2 protein chains.
Amino acid sequence: MPSLTYAEENYLKAIYHLSDGGKNNVSTNDLSKEMKTKPASVSDMLRKLSEKEVINYRKYYGVTITEEGKKSALQIIRKHRLWEVFLVEKLMFSWDEVHDVAEELEHIKSPILIQRLDDFLGNPKYDPHGDPIPDEFGDVKARPRLPLNELMVNDGGQIVAVKDSSAAFLRYLDKVGAYIGARIKVLDKVEFDGSLEILVDNKKTLFMSKDVAGNILIMQTS
Amino acid sequence: MPSLTYAEENYLKAIYHLSDGGKNNVSTNDLSKEMKTKPASVSDMLRKLSEKEVINYRKYYGVTITEEGKKSALQIIRKHRLWEVFLVEKLMFSWDEVHDVAEELEHIKSPILIQRLDDFLGNPKYDPHGDPIPDEFGDVKARPRLPLNELMVNDGGQIVAVKDSSAAFLRYLDKVGAYIGARIKVLDKVEFDGSLEILVDNKKTLFMSKDVAGNILIMQTS
DNA sequence: ATATTTTTTTAGTATAATCTAAATCACTAT
DNA sequence: ATAGTGATTTAGATTATACTAAAAAAATAT
Ligand SMILES: [Mn+2]
Ligand SMILES: [Mn+2]
Ligand SMILES: [Mn+2]
Ligand SMILES: [Mn+2]
């Protein structure tokens, strides 16, 4: 694995996520938006990442991630998610407070550290947002899951993850009781704007916009 | 407190240590040696640190640390030592493995993180090398201590800290059973080279060079 | 098929942290 | 008092990451 700088690691992770794990091509503008840097800066970085052979770069046509790149990205993601577990399980952070800190901690370079952290945490399989934690070889146990807004009326399931890890969104979910593991059922869908009426844990009903529902990921059971 | 870069934090910490907590003047060459950078690079950095008012810099005459600088340095040292405790107490690192990792972790910027880490660890007062951990206000409880080579024959005490935290030195101490807390007594001193014969825990006798003894810090009891 | 718009790259600049080589200052020893 | 030595600073270059402005390529619309 090539050694990557802090900035290179952040770009590579963004490419991995934007390409949906390497499946799609990623454009300069998409990366620019994601990284909050100008397209010119992205072009520059793509040249560097391409020289380190973690991406395939065809000028003007965007990038795909290489096998090597995928491995590197997955190790960074592994570290990010393990640190998030640590912060929530051990340091009593709430799930909306961990992202930015993990964004820094993920760059600490020490294989022994991450292996022992993993053991200390009891080798967790999912992070506080329900995302799977890659193992030391980069293998990910993906659970089948789909956005809540894609369920039909009367469909039910369990919340297994969230797409958006921003503090604002997670605090809203806390407020309405939509934690990970909650059982939900779609009671009604409004044709006009796609908003939903949801039954949570067979107790509370709750209305949410299509936008919100699109960021809640469900493991369907019926 | 001014915001400092990663490199600036490392220089400031080195200045704090080389000046013995702000007591002495530090020269460009001393810093150059400590930081493993060229004197020219040090001069450059001193200008920057001086602009941020964490040091007093008189060209050609070295630097002293300001009150602001001392506060910043102590916060970095606090983080470094708390992380070292975490690594040893929670992640089962040995005391010779923690320094380099803590050197990275100390730069993570999150007040809430360090406060909660402190609580999680039970607000420890000393790090694995016996060094005191500054509190959130930068107050340090210094224990009186002196290098083992300065004891007289028949003087006794307890090992409370080590000056050198290098893996090589610490592994040597492990091998001879000179851990922190061990009770020692000076049985003999060789006039010629200053080497010592030591009784450890009233059990084992052990010979060590003046150089080694100078890096072991003792709380004297007799 | 051509013109317009959008996307992307290139060129040139800036800041941070490092280096080497050259210049300058301070201290020491005659 | 001055020459020499060593320490320190300055000048100029390099690498990494970012920026703005301009040029070029690709995509879209007429
Ligand atoms: Mn990051
Ligand atoms: Mn997460
Ligand atoms: Mn450091
Ligand atoms: Mn220590």
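**Exercise 1.** In this predicted model, find which side chains put an N or O atom by a phosphate oxygen of DNA strand D, starting with A:Thr5.

*Solution.* Start at A:Thr5: an N or O atom of its side chain sits 2.3 Å from a phosphate oxygen of DNA strand D. Hop over to chain B, where the B:Lys59 side chain has an N or O atom 2.6 Å from a phosphate oxygen of that strand. Then take B:Thr28, with a polar side-chain atom at 2.9 Å from a phosphate oxygen of DNA strand D. Now see which elements give two or more residues to the surface near the strand: α1 (6–18) and α3 (39–51) from chain A, plus α2 (28–35) and α3 (39–51) from chain B. The top contributor is α3(A), with five residues.

**Exercise 2.** Work out what kinds of residues and DNA atoms meet at DNA strand D.

*Solution.* Sort the residues of that surface and you get ten nonpolar, seven polar and five charged. Of the 22 residues around the strand, those that come nearest include A:Lys48, B:Ser43 and B:Tyr57. On the DNA side, sugar and phosphate make up 80% of the strand D atoms within 4 Å of the protein.

**Exercise 3.** Trace the six-stranded open sheet of chain B and place α7 on it.

*Solution.* Walk across the strands in the order β3-β8-β4-β5-β6-β7, with antiparallel pairing. At the edges you hit β3 (146–147) and β7 (204–208), each paired on one side only. Zoom in on β4 (156–162) and β8 (216–220) of chain B: five bridges join these antiparallel strands, and B:Gly157 stands opposite B:Gln220. Finally, add helix α7 (167–176) of chain B, which packs on the sheet and touches β4, β7 and β8. The direction of α7 makes about 150° with that of β7(B).

How values were computed: Residues numbered from 1 in each chain as written. Chains lettered and ligands numbered in written order. Predicted model: local features only at pLDDT ≥ 70, side-chain atom pairs only at ≥ 80, totals over all residues. Heavy atoms only, no water. Pairing = 2+ DSSP bridges. Helix = DSSP H or I, 4+ residues; strand = E, 2+ residues; numbered from the N terminus. Contact = heavy atoms within 4.5 Å. Axes fitted to C-alpha atoms, helices over the stretch in contact; angles between N-to-C directions. Near = heavy atom within 4 Å. Polar contact = N/O pair within 3.5 Å; in protein donor to acceptor, adjacent residues only side chain to side chain. Nonpolar A, V, L, I, M, F, W, Y, C, P; charged D, E, K, R; others polar.
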